[in-house]
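User: I am new to this structure and would like a close look at a single part of it. Please start from one residue and follow its surroundings outward, explaining each term as it arises.

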Amino acid sequence: MAKTAETKTAKDSSYYNELVEVRLFKDNDKYKDDVFVAVNGVGMMVPRGRDVKIARKYAIALKNSEAQDSFAVQHAMELAKNASAAELN
């Protein structure tokens with residue numbers, strides 16, 4: 001049984017460490033700096049505006065962060081809308 005767990009861990013490790021290509025949006029204002037991303041206490045800087053290969057685990061963390069940012073903006077807009085509606089009543 002230990003062999004199965006070790007094999008699964010090795011497969012997971014190779015999957016999450018596989019290099020994938022990402023490109024982070026870049027402008028000359030808010031999105032101009034490189035992005036720091038960390039997984040399990042190990043961090044790296046990801047440059048913006050060009051294709052780079054990074055371990056899949058970092059790409060997943062960046063994608064999850066983007067989803068959280070989007071959710072936060074939507075939630076803030078909804079709260080502001082509800083606050084404005086409450087002021088009218």
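Analyst: Tyr-15 is partly exposed, since its relative accessible area is 41% (under 20% is buried, over 50% exposed, and in between partly exposed, with a 1.4 Å probe and protein chains only). The model is predicted: local features require a pLDDT of at least 70 and side-chain atom pairs 80 or more, while totals for chains, interfaces and linings use all residues. Residues are numbered from 1 along each chain as its sequence is written, and side-chain values use heavy atoms, without hydrogens or water.

The neighbour of interest is Tyr-16, which counts as partly exposed because its relative accessibility is 37%. The structure holds two aromatic pairs (ring centres of Phe, Tyr or the six-membered ring of Trp within 6.5 Å; planes under 30 degrees apart are stacked, over 60 edge-to-face, the rest tilted). One of them joins Tyr-15 to Tyr-16: the ring centres lie 5.0 Å apart and the planes meet at 80 degrees, so the arrangement is edge-to-face. The other pair is formed by Phe-25 and Tyr-31, which is edge-to-face because the planes stand at 70 degrees, with centres 5.8 Å apart. Within that second pair, Phe-25 is exposed at a relative accessible area of 54%, whereas Tyr-31 is partly exposed at 34%.

Tyr-15 and Tyr-16 also share a feature of the surface. Together with Ile-60 they make a nonpolar patch of about 270 Å² (residues over 30% relative accessible area without a salt bridge; like charges joined within 9 Å, nonpolar side chains, namely Val, Leu, Ile, Met, Phe, Trp and Tyr, within 5 Å; areas by Shrake-Rupley, 1.4 Å probe, only the protein chains shown as cover for residues). Ile-60 belongs to helix α2, which covers residues 56–88 (DSSP runs numbered from the N terminus: helices H or I, at least four residues; strands E, at least two). The relative accessible area of Ile-60 is 32%, so this residue is partly exposed.

Which residues does Arg-56 touch, leaving aside neighbours within four places in sequence? Arg-56 is in contact with Tyr-15, Tyr-16, Asn-17, Glu-18 and Val-20 (heavy atoms within 4.5 Å). Arg-56 therefore leads from the two tyrosines to the next feature, as Tyr-15 and Tyr-16 are among its contacts. Like Ile-60, Arg-56 lies in helix α2. Is Arg-56 buried or exposed? Its relative accessible area is 17%, so Arg-56 is buried.

One contact of Arg-56 deserves separate attention. The side chains of Arg-56 and Glu-18 meet in a salt bridge, 2.6 Å from N to O (a Lys or Arg side-chain nitrogen within 4 Å of an Asp or Glu carboxyl oxygen). This pair links distant parts of the chain: Arg-56 is in helix α2, while Glu-18 is in the loop between α1 (2–17) and β1 (19–22), 38 residues apart. Glu-18 is partly exposed, because its relative accessible area is 38%.

The count of salt bridges comes to two. The other one is formed by Asp-51 and Arg-23, whose closest N and O atoms are 3.0 Å apart. Asp-51 sits in the loop between β3 and β4, and Arg-23 in the loop between β1 and β2, so this pair ties together parts 28 residues apart in sequence. Asp-51 is partly exposed at a relative accessible area of 42%, whereas Arg-23 counts as exposed at 52% relative accessibility.

Arg-23 leads on to Arg-50. Apart from residues up to four places away in sequence, Arg-50 touches Val-22 and Arg-23. Arg-50 is placed in the loop between β3 and β4 (52–55), and with 49% relative accessibility it counts as partly exposed. Between Arg-50 and Asp-27 there are 12 Å in space, C-alpha to C-alpha, and 23 residues in sequence.

A last point concerns the preceding loop, between β2 (35–39) and β3 (42–46), where Asn-40 is found. The phi of Asn-40 is near 55 degrees, a positive value in a residue other than glycine. Asn-40 is exposed, because its relative accessible area is 79%.
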